[in-house]
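Student: I would like a close look at a single part of this model. Please keep it brisk and connected.

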Amino acid sequence: MGSPAPRRPLALAWFILICSSFWAANGMYGRVRMAAAEEGEGRRMRLHTDGSRGDSHAWPGYLYTRAVGRCTPQFWSSGAEPWPNIAPQEAAVSKVFGSRSVERYGPRLTLLEATMRTDDIGGSAFVKLVKQGSAALLNAYTRRGFPFDSWEVKALLLEALVSEEAAAVQAERFEQANQSCI
(Lines give C-alpha, C1' and ligand atoms only; values in the text may rest on other atoms or scores of the structure.)
Protein backbone atom coordinates (compact mmCIF):
# COMPACT_ATOMS: atom_id res chain seq x y z
CA MET A 1 0.00 0.00 0.00
CA GLY A 2 1.57 3.17 -1.12
CA SER A 3 0.66 6.46 0.41
CA PRO A 4 -0.81 9.22 -1.80
CA ALA A 5 1.61 11.74 -0.33
CA PRO A 6 4.31 11.34 -3.07
CA ARG A 7 1.71 12.04 -5.77
CA ARG A 8 0.68 15.42 -4.39
CA PRO A 9 3.95 17.22 -5.09
CA LEU A 10 3.95 15.82 -8.63
CA ALA A 11 0.36 16.96 -9.26
CA LEU A 12 1.15 20.34 -7.75
CA ALA A 13 4.21 20.66 -9.99
CA TRP A 14 2.13 19.89 -13.09
CA PHE A 15 -0.49 22.41 -12.00
CA ILE A 16 2.12 25.12 -11.53
CA LEU A 17 3.73 24.30 -14.88
CA ILE A 18 0.40 24.51 -16.73
CA CYS A 19 -0.60 27.74 -14.99
CA SER A 20 2.75 29.36 -15.63
CA SER A 21 2.52 28.41 -19.31
CA PHE A 22 -0.92 29.97 -19.47
CA TRP A 23 0.23 33.17 -17.75
CA ALA A 24 3.28 33.41 -20.00
CA ALA A 25 1.19 33.03 -23.11
CA ASN A 26 -1.39 35.48 -21.82
CA GLY A 27 1.35 37.98 -21.01
CA MET A 28 2.88 37.55 -24.47
CA TYR A 29 -0.44 38.13 -26.22
CA GLY A 30 -1.16 41.02 -23.88
CA ARG A 31 2.12 42.66 -24.93
CA VAL A 32 1.26 42.12 -28.59
CA ARG A 33 -2.16 43.65 -28.03
CA MET A 34 -0.64 46.65 -26.24
CA ALA A 35 1.96 47.14 -28.99
CA ALA A 36 -0.74 47.01 -31.64
CA ALA A 37 -2.85 49.49 -29.70
CA GLU A 38 0.12 51.87 -29.48
CA GLU A 39 0.45 51.69 -33.27
CA GLY A 40 -3.27 52.39 -33.61
CA GLU A 41 -3.99 48.95 -35.07
CA GLY A 42 -6.46 47.34 -32.66
CA ARG A 43 -7.18 43.65 -32.98
CA ARG A 44 -10.91 44.30 -33.17
CA MET A 45 -12.86 43.49 -36.29
CA ARG A 46 -14.15 46.68 -37.83
CA LEU A 47 -17.47 46.91 -39.63
CA HIS A 48 -17.39 49.41 -42.47
CA THR A 49 -20.36 51.37 -43.75
CA ASP A 50 -20.58 49.19 -46.85
CA GLY A 51 -21.05 46.06 -44.71
CA SER A 52 -17.55 44.68 -45.18
CA ARG A 53 -15.37 43.72 -42.24
CA GLY A 54 -11.70 43.99 -41.42
CA ASP A 55 -9.05 46.64 -41.77
CA SER A 56 -9.32 49.47 -44.22
CA HIS A 57 -6.82 47.82 -46.57
CA ALA A 58 -8.77 44.53 -46.69
CA TRP A 59 -10.86 43.61 -49.69
CA PRO A 60 -14.44 44.36 -48.74
CA GLY A 61 -16.83 41.45 -49.03
CA TYR A 62 -14.15 38.76 -49.38
CA LEU A 63 -14.43 36.95 -46.08
CA TYR A 64 -14.19 33.36 -47.24
CA THR A 65 -12.46 31.51 -50.00
CA ARG A 66 -13.77 28.33 -51.54
CA ALA A 67 -12.31 25.62 -53.66
CA VAL A 68 -13.21 26.31 -57.26
CA GLY A 69 -14.57 23.38 -59.19
CA ARG A 70 -14.93 20.94 -56.31
CA CYS A 71 -18.26 19.70 -57.67
CA THR A 72 -17.78 19.93 -61.41
CA PRO A 73 -17.62 17.00 -63.85
CA GLN A 74 -13.91 17.75 -64.36
CA PHE A 75 -13.32 17.36 -60.62
CA TRP A 76 -15.13 14.02 -60.47
CA SER A 77 -13.33 12.67 -63.53
CA SER A 78 -9.93 13.68 -62.12
CA GLY A 79 -10.09 11.13 -59.30
CA ALA A 80 -9.22 13.76 -56.68
CA GLU A 81 -11.86 12.38 -54.33
CA PRO A 82 -13.22 8.86 -53.94
CA TRP A 83 -16.60 8.24 -55.56
CA PRO A 84 -19.52 7.16 -53.40
CA ASN A 85 -20.08 3.41 -53.19
CA ILE A 86 -23.67 3.80 -54.35
CA ALA A 87 -22.52 5.21 -57.71
CA PRO A 88 -19.16 3.67 -58.69
CA GLN A 89 -17.17 4.96 -61.66
CA GLU A 90 -17.83 1.87 -63.75
CA ALA A 91 -21.61 1.96 -63.23
CA ALA A 92 -23.54 2.27 -66.48
CA VAL A 93 -25.57 5.44 -66.95
CA SER A 94 -28.51 3.26 -67.97
CA LYS A 95 -28.34 1.37 -64.66
CA VAL A 96 -28.04 4.52 -62.57
CA PHE A 97 -30.56 6.76 -64.32
CA GLY A 98 -32.95 4.11 -65.62
CA SER A 99 -33.86 2.33 -68.81
CA ARG A 100 -35.17 5.48 -70.56
CA SER A 101 -31.59 6.73 -70.78
CA VAL A 102 -30.54 3.68 -72.86
CA GLU A 103 -32.23 5.10 -75.96
CA ARG A 104 -30.17 8.27 -75.80
CA TYR A 105 -26.83 7.12 -74.35
CA GLY A 106 -26.61 3.40 -75.02
CA PRO A 107 -26.07 0.58 -72.54
CA ARG A 108 -22.28 0.90 -72.15
CA LEU A 109 -21.69 4.57 -71.23
CA THR A 110 -20.33 4.70 -67.67
CA LEU A 111 -20.60 7.53 -65.15
CA LEU A 112 -16.86 8.15 -65.41
CA GLU A 113 -17.05 8.39 -69.20
CA ALA A 114 -20.04 10.73 -68.89
CA THR A 115 -18.12 13.11 -66.61
CA MET A 116 -15.04 12.95 -68.86
CA ARG A 117 -16.87 13.93 -72.06
CA THR A 118 -15.49 16.94 -73.88
CA ASP A 119 -17.96 17.10 -76.74
CA ASP A 120 -20.56 19.01 -74.71
CA ILE A 121 -19.36 22.46 -75.81
CA GLY A 122 -21.11 23.33 -79.05
CA GLY A 123 -22.47 19.81 -79.25
CA SER A 124 -25.74 18.21 -78.39
CA ALA A 125 -27.67 19.36 -75.32
CA PHE A 126 -28.08 15.70 -74.38
CA VAL A 127 -24.31 15.31 -74.04
CA LYS A 128 -24.15 18.27 -71.67
CA LEU A 129 -27.17 16.91 -69.78
CA VAL A 130 -25.55 13.54 -69.04
CA LYS A 131 -22.22 15.17 -68.13
CA GLN A 132 -23.69 17.71 -65.72
CA GLY A 133 -26.37 15.31 -64.50
CA SER A 134 -23.79 12.67 -63.58
CA ALA A 135 -21.79 15.23 -61.60
CA ALA A 136 -25.00 16.49 -59.95
CA LEU A 137 -25.86 12.94 -58.91
CA LEU A 138 -22.42 12.44 -57.35
CA ASN A 139 -22.75 15.79 -55.55
CA ALA A 140 -26.22 14.85 -54.30
CA TYR A 141 -24.74 11.72 -52.75
CA THR A 142 -21.65 13.36 -51.24
CA ARG A 143 -22.27 17.08 -50.59
CA ARG A 144 -24.44 18.33 -47.78
CA GLY A 145 -26.58 21.23 -48.82
CA PHE A 146 -26.52 20.38 -52.52
CA PRO A 147 -29.74 21.82 -53.98
CA PHE A 148 -30.93 18.50 -55.47
CA ASP A 149 -31.49 15.12 -53.85
CA SER A 150 -30.31 12.04 -55.73
CA TRP A 151 -33.83 11.00 -56.69
CA GLU A 152 -34.50 14.53 -58.00
CA VAL A 153 -31.40 14.44 -60.21
CA LYS A 154 -32.46 11.11 -61.68
CA ALA A 155 -36.05 12.23 -62.27
CA LEU A 156 -35.08 15.61 -63.74
CA LEU A 157 -32.58 14.03 -66.12
CA LEU A 158 -35.16 11.54 -67.39
CA GLU A 159 -37.78 14.29 -67.77
CA ALA A 160 -35.32 16.40 -69.76
CA LEU A 161 -34.81 13.63 -72.34
CA VAL A 162 -38.08 14.58 -74.08
CA SER A 163 -36.57 17.36 -76.19
CA GLU A 164 -33.33 19.12 -76.98
CA GLU A 165 -34.68 22.36 -75.47
CA ALA A 166 -35.66 20.66 -72.19
CA ALA A 167 -32.25 18.96 -72.08
CA ALA A 168 -30.45 22.29 -72.59
CA VAL A 169 -32.45 24.00 -69.83
CA GLN A 170 -31.95 21.17 -67.32
CA ALA A 171 -28.26 20.82 -68.19
CA GLU A 172 -27.82 24.52 -67.43
CA ARG A 173 -29.56 24.11 -64.06
CA PHE A 174 -27.33 21.17 -63.17
CA GLU A 175 -24.26 23.12 -64.27
CA GLN A 176 -25.18 26.11 -62.09
CA ALA A 177 -25.76 23.84 -59.09
CA ASN A 178 -22.45 22.05 -59.69
CA GLN A 179 -20.48 25.28 -60.00
CA SER A 180 -22.02 26.95 -56.96
CA CYS A 181 -21.57 23.90 -54.75
CA ILE A 182 -19.05 24.10 -51.92
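Student: How do the axes of α7 and α8 cross, and within what distance do they come? Please take α7 closely, with its partners and its setting.

Tutor: This is a predicted model. The axes of α7 and α8 come within 8 Å. They cross at roughly 155 degrees. Angles over 145 degrees count as roughly antiparallel, and that makes α7 roughly antiparallel to α8. From α7, the contact uses V153, L156, L157 and A160. From α8, it uses A166, A167, Q170 and F174. By class, that contact of α7 with α8 has seven nonpolar residues, one polar and no charged ones.

Now the other partner, α6. Helix α6 covers residues 125-142, and α7 covers residues 150-160. Their axes also come within 8 Å, and the crossing angle is roughly 170 degrees. That makes α6 roughly antiparallel to α7. On the α6 side, the contact residues are F126, L129, V130, G133, A136, L137, A140 and Y141. They meet S150, V153, K154, L157 and A160 of α7. The class count for α6 with α7 is ten nonpolar, two polar and one charged.

Set the two contacts side by side. V153, L157 and A160 of α7 appear in the contact with α6, and V153, L157 and A160 appear in the contact with α8.

Next, burial along α7. S150, V153, L157, L158 and A160 are buried. Seen down the axis of α7, these buried residues fall within an arc of 165 degrees, so they line one face of the helix. The general geometry of a helix fits this: an α-helix has 3.6 residues a turn, so residues three or four places apart point the same way. The buried residues of α7 pack against three helices: α3 (93-97), α6 and α8. Turn to the face away from the buried side of α7. There sit the exposed residues W151 and E159.

One α7 residue is in between. A155 belongs to helix α7. A155 is partly exposed, because its relative accessible area is 28%, and the partly exposed class lies between 20% and 50%. The C-alpha atoms of A155 and G98 are separated by 9.3 Å. Along the chain, A155 and G98 are 57 residues apart.

Look back at α6 for a buried residue. S134 is found in helix α6. S134 is buried, with a relative accessible area of 0%. Beyond its neighbours within four places in sequence, S134 is in contact with F97, L111, A114 and T115.

Now the segment after α8. A search of the whole structure finds one disulfide. C71 and C181 form that disulfide, with their sulfur atoms 2.1 Å apart. The angle about the S-S bond is -40 degrees, and the link of C71 and C181 is left-handed. C71 lies in the loop between α1 (7-38) and α2 (73-78), while C181 lies in the segment after α8 (164-180), so the pair ties together parts that are 110 residues apart in sequence. Both C71 and C181 are buried.

Finally, the whole chain. Its secondary structure comes to eight helices and zero strands. Buried residues make up 33% of the 182 residues. Among contacts between residues at least 6 apart in sequence, 53% join residues at least 24 apart.

How values were computed: Residues are numbered from 1 along each chain as its sequence is written. This is a predicted model: local features need pLDDT of at least 70, side-chain atom pairs count only at pLDDT 80 or more; totals for chains, interfaces and linings use all residues. Side-chain values use heavy atoms; hydrogens and water are left out. Axes are lines fitted to C-alpha atoms, for helices over the stretch in contact, and angles run from 0 to 180 degrees between N-to-C directions. Helices (H or I, at least four residues) and strands (E, at least two) are DSSP runs, numbered from the N terminus. Angles under 35 degrees count as roughly parallel, over 145 as roughly antiparallel, 65 to 115 as roughly perpendicular and the rest as oblique. Contact means heavy atoms within 4.5 Å. Ala, Val, Leu, Ile, Met, Phe, Trp, Tyr, Cys and Pro count as nonpolar, Asp, Glu, Lys and Arg as charged, and the others, Gly among them, as polar. A disulfide is a pair of cysteine sulfur atoms within 2.5 Å. Buried means under 20% relative accessible area, exposed over 50%, partly exposed in between (1.4 Å probe, protein chains only). The arc is that of the directions from the helix axis to the C-beta atoms.
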